[in-house]
Amino acid sequence: MTYRLLTLLCFTLVLTAPVSLARDQVRLAVLAFDAPDRVRQRWQPTVDYLNAHLDQHQLVLLALRPHQVDRLVQHQSFDFFIGNAVKSLQLKQRHGSSQLLSLKPLGGRDPAHAVGSAVVTRRGQTVSSLEALRSKRVVSVSQQAFGGFIAFWRELDQQGLSPLSDFPYLKFVGFPQSKLLHQVLDGSADAAIVPTCLLESMESRGQLPEGELVVTLRQERPGSCVTSTRLYPYSSLSKMGHTSNHLASQITRLLLDLEPTSQAARAGHYQGWTVPVDDSHVYALLRELRLWPFDADWSELWHQAYPFLAGLAALLLLGYIHHLRVRDMVTRRTAELSREIADHRRTQEELEQQQRGFYKAQRVLLTGEMASGIAHELNQPLASIRYLTQGCQYRLDASPMDKDALNLGLERIADQTDRAREIIRRLREFCARPSRQQPVDLPALVRETLTLMAPDCRHNRCRIEPELEVAHGWITADPTLLQQVLVNLMRNGMEAMLSLPEEQRVLQIALSSHDGWLSLMVRDQGPGLSDSKLARLFLPFESDKPEGLGLGMTICKRIVEEHQGRIEAQRRQPGLALLCHFPQRSRS
């Protein structure tokens, strides 16, 4: 017999265990404005009632403060919610919850007009208007408390008052709400903003002496409780968006079947449940106070934006570090470039100094090549001076002395001396004249150079035919360098014609103006150049002269280009023409 009983018991446990284990856990969150233990004592009988009639689900009660609701709902940490109209409306707008039922308050009050605020003071203390409260020590639970503060805020707003700026002695002391009335009773506060019916409820339970506290600023509203504001919908039950509709239907039917005399209703201080009531005037309340969803909920936005702001801050920090690194690199590179620029300037100055020395050396070289012609030119005045001096001596020895003839001889000696000195002066200026950029009259410079080259031309038995079409043509140039170019071109032309008979040795010097350019041409009548030699004419170290360095034409090309000009060679029949083009400018 005992064995049969044990077998039957084990079989029963096997059958019932899977059923109990298979029940899914469902979380019911209740908004707590009182001590959590009291909230659980109030709503646990309702949860027990539902669990007794649900076969596949097990409800678990969660008593949550407003900030806990906001945090847990983002992670779908509860399935149903019981709370005031404002919090239920926020969950509907933010998280897609659906209102299932409205709670029926005690005393036969209308669920659509059951929640408001009562301003409670001590008996005998007169508060005739909202303005009179500004100098009072007022206490409330929280800015988020619907019946305890938000409903009262609307009354202040319609009177042009702000509770946060116009009430310097207003304090939010936290939960539970019952302690607000005790503070008014013991004198630590002058007035308390509490939900409608809280005073009557605590007096009926013996938690406060009757008649010691009164509701001031009364408004005539239907119901058994005195209120200081208009009334709004009572608490409601909402289903979260992820919750099963089938389960929501089951719970809705069970709550609608609750009798006012049931244990769940008596412990929960309500008469039952009804269909959802109109909450449009809650929207109007929030709109007037410019609260969410009609104004930004910064705490919610902060939680949503925090990851993005943290990422942005990290990017900005990395960007700033990169900026510092780049700035340091730029600073170092700038210092390096400054040193390189300084080195480049020194190198450029040294190069220019060497180039000026090279140009001067080339002028000296040209002067050496011109020496035979200059020597021949100097021989004439020196010989004349010698003969004239001897003639003067003869006149001095003669008796009587011919003073007129002596004076004439001395004058001729002076003329020949001046002639020799002028030749030497021109030669010295050509060799030692300093280089500088200045406005230069190119025709005048050409005429001066022809005078300088006259001895060399006579020495080489060459005739010069100048064709200067412009009387004056100004360019910005170094006259010494340009004269060096012209001397070099003229000497090359003379040397190219040495194999010709003297009557064919003609050097043409032409100067013309066209489209803002001055063109100087030096043309000889020599045999000219082949195509290969013409192509290599301006290359360094290319020369037909056995003793030549092949740098003359290279120097000429460089000097012309330094003056923003260009030089070119053209074959003519007969001879070779070298043309230099310079940009013309005004004299000023």
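**Two sheets and the elements around them**

Let me begin at one small place: serine 140 has phenylalanine 172 of strand S7 as its bridge partner. That pairing belongs to strand S6, residues 138–140, which runs parallel to S7 and is joined to it by two bridges. Before going further, I should say that what we are looking at is a predicted model.

In overall terms, the chain has 588 residues, of which 42% are buried, and its secondary structure comes to 17 helices and 18 strands. Among the contacts with a sequence separation of 6 or more, 76% are between residues 24 or more positions apart. The accessible surface of the chain is about 32,200 Å², and carbon and sulfur atoms account for 54% of that area.

Now back to S6 and S7, and to the sheet that holds them. They are part of an open sheet of five strands, which has the order S7-S6-S8-S5-S9 and mixed pairing. S7, at 171–172, and S9, at 213–216, have a single partner strand each and are therefore the edges, so that one side of each has no neighbour in the sheet. Across S5, S6, S8 and S9 lies helix H6, residues 178–186, whose direction is at about 155° to that of S8.

Staying in this region, let us look at valine 141, which sits in the loop between S6 and helix H5. Is valine 141 buried or exposed? Its relative accessibility is 4%, and because the cut-off for buried is under 20%, valine 141 counts as buried. Once the neighbours within four places in sequence are set aside, the residues in contact with valine 141 are Phe172, Val173, Gly174, Phe175, Gln177 and Leu180. From valine 141 to serine 178 there are 37 residues in sequence, while the C-alpha to C-alpha distance is 9.6 Å.

Let me turn to the other sheet I would like to show. This one is an open sheet of six strands in the order S2-S1-S3-S10-S4-S11, again with mixed pairing. Its edge strands are S2, residues 57–64, and S11, residues 270–274, each of which pairs on one side only. From one strand to the next the twist averages 25°.

We can walk through part of this sheet strand by strand. Strand S1, residues 24–31, pairs with S3 in the parallel sense over three bridges, and here leucine 28 stands opposite phenylalanine 80 of S3. S3 itself, residues 80–83, is joined to S10 by four bridges, and those two strands run antiparallel. S10 also pairs with S4, residues 98–105, in the antiparallel sense and over four bridges. S4 in turn is joined to S11 by four bridges, and that pair is antiparallel as well.

One residue of S10 helps to tie this picture together, namely serine 236. On the S3 side, serine 236 is the bridge partner of glycine 83, and on the S4 side, serine 236 is the bridge partner of serine 102. Serine 102 also has a bridge partner in S11, which is threonine 274.

As for the side chains, in a regular strand they alternate between the two faces of the sheet. Which way do the residues of S10 point? Ser236 and Ser238 point one way, Leu237 and Lys239 point the other way, and all of them are buried. S3 can be described in a similar manner, with Phe80 and Ile82 directed one way, Phe81 and Gly83 directed the other way, and all of them buried.

Two helices lie across strands of this sheet. Helix H3, residues 66–73, lies across S1, S2 and S3 and runs at about 130° to S2. Helix H8 lies across S1, S2, S3, S4, S10 and S11, and runs at about 15° to S4.

H8, residues 245–256, also packs with helix H2, residues 36–53, at an angle of about 120° and with the two axes 10 Å apart. That angle makes H2 oblique to H8, and the crossing of the two helices is right-handed. The contact is made by Thr46, Tyr49, Leu50 and His53 from H2, and by Ile251, Leu254 and Leu255 from H8.

I will finish with helix H17, which spans residues 552–562 and has Gly552, Met553, Thr554, Ile555, Cys556, Ile559 and Val560 as its buried residues. Just after H17 comes glutamine 564, which takes a positive phi of about 60°.

Note on methods:
Residues numbered from 1 in each chain as written. Predicted model: local features only at pLDDT ≥ 70, side-chain atom pairs only at ≥ 80, totals over all residues. Heavy atoms only, no water. Buried < 20%, exposed > 50% of the residue type's maximum accessible area, 1.4 Å probe, protein only. Contact = heavy atoms within 4.5 Å. Areas by Shrake-Rupley, 256 points an atom, 1.4 Å probe, with all protein chains shown as cover. Pairing = 2+ DSSP bridges. Axes fitted to C-alpha atoms, helices over the stretch in contact; angles between N-to-C directions. Parallel < 35°, antiparallel > 145°, perpendicular 65-115°, else oblique. Left-handed = near helix turned anticlockwise from the far one by under 90°.
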